[in-house]
Amino acid sequence: MEHEEYRENPVDDLKERVLELAKRRGFLWPSYEIYGGVAGLWDYGPLGTLLKQKVENAWREIFVVGEGALPIDTPTISVEEVFLASGHLSNFVDLIVECVDCHHTLRADHVVNEYLRGRGMAADLCEPDIAEVCVPSREKTQELIDFYGIACPDCGGPLGKVHDFNLMFATHIGPGTQRKGYLRPETAQGIFSDFPKLLRFFRDRLPFGVAQIGKSFRNEISPRQGVIRLREFTQAEIEVFVNPDKKSIHPRFDEVADVEIAILSKDFVGRATVKAACDRGIIAHQYLAYYVARSQEFFLRVGVHESQLRFRQHLPDEMAHYAVDCWDAEGLTQHGWIELAGIADRTDYDLKQHERQSGLQMTVFVPYAKPKAVERTVVRPKMNFLGPKYKNKAKQVADYLATISDPSGPFIFEGQEIDPLGYVIETTTQSVLGDFITPHVIEPSFGIDRTVYTILEHAYDEDTIDGERRIVLRLPHSLAPVEVAVFPLVKALNEKAVEVFQLLRREGFLVEYDESGTIGRRYRRQDEIGTPCAVTVDHETLENGTVTVRDRDTTKQVRRSIASLAVTLREMLMGGFAMSPS
RNA sequence: GCGGUAGUGGUGUAGAGGCAGCACAAAGGCUUCCCAAGCCUUUAACCCGGGUUCGAGUCCCGGCUACCGCACCA
């Protein structure tokens, strides 16, 4: 998909202007700036924090309230076992080698594979690990570099030692014989770790969804692009546990079937309904398609422009080590198309891995519609024979017999054939009620910080009013960090205006009061931060108890009584209010 | 990590060895006013650390941060 015309009202240097506004008005600040700042760490200022909270609330409304994905809150510090299981310890690593001469840092495994391929050899650096995932080993990479004397592909200089760079922050838990800990690189593992308890909580039935909003950490080698690539960032994730045999049908698919999305995949580029995308096999199954549609609903609600939102299918080689199909929601910004969310089918990878690591069963009992009759042949010990014969070893013999699945015999215990009088071979018909299955996981995972940034960029606008440039942040009304501004037209009206201000606070609005300077300046100040409503107390207020209410986007005003003000404002914030004169 | 460019009040900038200027913003006042008007007053800056020099915002070295390119980004 080409980068289409970006906005109706193109603004030069949009990136700089948005960031300038964000820093100046308290949305985003570089962290620890008094000490020089740190790349990849950013603060939310007061307005940014309110905006972010409202974005998170919109997400909760759709996914927690609307989808019933109940939230949990797990620690950001996790124990080592979690990442042994998840594969992050071995996979969330880049093998890095530095050229001694030109100091380029290179991906060591890429260098080796390229070298081997260039000489017609199989590039076989990958070794399947415990999870059957291809991971190049540091030792083997080093070995091959040494053996072939592989040099820097850029300058031909000698290469240094290969070392791991794990993108997780490591730490220690407690003093003394410390337990290794890591800051989580995704919130998902906290959910997987709680699976047995969650399953019981949801009363042993599929499907169910679990949500978590929280911080995750990745020690990026070189974060760039401001707030787009952070070392500490907020994720909003849902893990939907589903029966793998039922992924093709989502019970509420009808609700979203006609939602149209922009698709970029290897087989199809263009707009289509999620139903069409599903029916034509572009999206693997209804569960993924369903969450793609819900994700779009979320992004549109928080003010991402529809024409600058698309869903891109991962190519097989960029898919995470655990996923089989993955769709990124991407927003078009001045940084190009950036990933705002990933909607992945993680299959049973994580639960299987935690099963192996923890030794606990992570399965769900799924009853059949009708119990199945299954014929089974078993070897049943006869204790009244075995007892007298084997005395204190009788129990061991019986246990051994009970494990036998092939009833053809003979059965040997301690080198001796067991007397056939000691058991009977029985064929019985058993009624099997169901299967133990490992659920598959559908994971919509949202990057909240990137979403907030994209919202700011998409909302940023400049108007020209009477030849003056006016910056307006056209945020969705419900998202504005300041909902209502209250002004006295002149200072003599301060007291009355403060009264209105306090009244609106009591009504639950986020209100700002401003009596400084001229009225026009105060309107502009609020336009910049996206305040949708401005209430002005003027001379008429004292006569008849009415005030003017100004709309941010049109700058049009209507007059309303103070008594009906809260209702009017609430309507405006919900977006359902027509600014018709009254 | 590499290379290039840059870092001066809150923001945008000028100054290129000798008292750090301007504009906008912000605070207070006049104006009593419905869209950044005007006037007065005020607050406020040389990224950090070394070095050279009588003297460094300016020159040199190192670091940090930002932007661009490379590399990286399950």
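## Exercises on a predicted model

Asp 204 comes out as partly exposed, with a relative accessibility of 45%. Bear in mind as you work that this model is predicted.

**Exercise 1. Find out what is unusual about the backbone in the loop between H8 and S12, starting from Asp 204.**

Step 1: Look at the phi of Asp 204. It is positive, about 60°, although the residue is not a glycine.

Step 2: Now check Arg 203, which sits in the loop between H8 and S12 as well. Its phi is near 55°, again a positive value in a residue other than glycine.

Step 3: Sort Arg 203 by accessibility. Exposed means over 50%, and Arg 203 has 59%, so it counts as exposed.

Step 4: Move along to Pro 207, in the loop between helix H8 (195-201) and strand S12 (208-217). The peptide bond that joins Leu 206 and Pro 207 is cis, with omega at about -10°.

**Exercise 2. Work out where the second largest pocket lies, and what lines it.**

Step 1: Get the volume, which is about 340 Å³.

Step 2: List the lining. There are 17 residues, and Lys 54, Glu 61, Ser 478, Leu 479 and Glu 483 lie nearest the centre of the pocket.

Step 3: Sort the lining by class: six residues are nonpolar, five polar and six charged.

Step 4: Ask which helices take part. Helix H2 (46-65) and helix H19 (565-574) each supply at least two lining residues, and H2 gives the most, with six.

Step 5: Place the pocket. Domain 1 (14-80 + 172-350 + 442-447) and domain 4 (482-574) both give residues to the lining, so the pocket lies between them.

**Exercise 3. Trace the largest nonpolar core, and follow Phe 299 outwards from it.**

Step 1: Pick out the best-connected members. Of the 72 residues in this core, Phe 27, Trp 59, Phe 298 and Phe 299 touch the most other members. Helix H11 (residues 286-301) gives the most to the core, with nine residues.

Step 2: Skip the neighbours of Phe 299 within four places in sequence. Its contacts are then Val 304, Leu 309, Ala 329, Leu 340, Ala 341, Phe 446 and Thr 451.

Step 3: Look for another core. One of 21 residues lies apart from the largest, and Ala 497, Val 500, Val 511 and Leu 573 are among its members.

**Exercise 4. Describe the surroundings of Val 259.**

Step 1: Locate Val 259 in the loop between helix H9 (253-256) and strand S14 (260-264). At 25% relative accessibility, it counts as partly exposed.

Step 2: Leave out the neighbours within four places in sequence, and Val 259 is in contact with Ala 272, Thr 273, Val 274, Ala 293 and Gln 296.

Step 3: Compare sequence with space. Arg 294 is 35 residues from Val 259 in sequence, yet their C-alpha atoms are 9.1 Å apart.

Technical notes. Residues numbered from 1 in each chain as written. Chains lettered and ligands numbered in written order. Predicted model: local features only at pLDDT ≥ 70, side-chain atom pairs only at ≥ 80, totals over all residues. Heavy atoms only, no water. 1 Å grid on protein atoms, 1.4 Å probe; cavity = no way out; pocket = protein on both sides within 12 Å on 5 of 7 lines; lining within 4 Å. Points joined across faces, edges and corners; volume = space filled by probe spheres on them. Helix = DSSP H or I, 4+ residues; strand = E, 2+ residues; numbered from the N terminus. Nonpolar A, V, L, I, M, F, W, Y, C, P; charged D, E, K, R; others polar. Domains from an automatic or database assignment. Core = buried A, V, L, I, M, F, W, Y, C linked by side-chain atoms within 4.5 Å. Buried < 20%, exposed > 50% of the residue type's maximum accessible area, 1.4 Å probe, protein only. Contact = heavy atoms within 4.5 Å.
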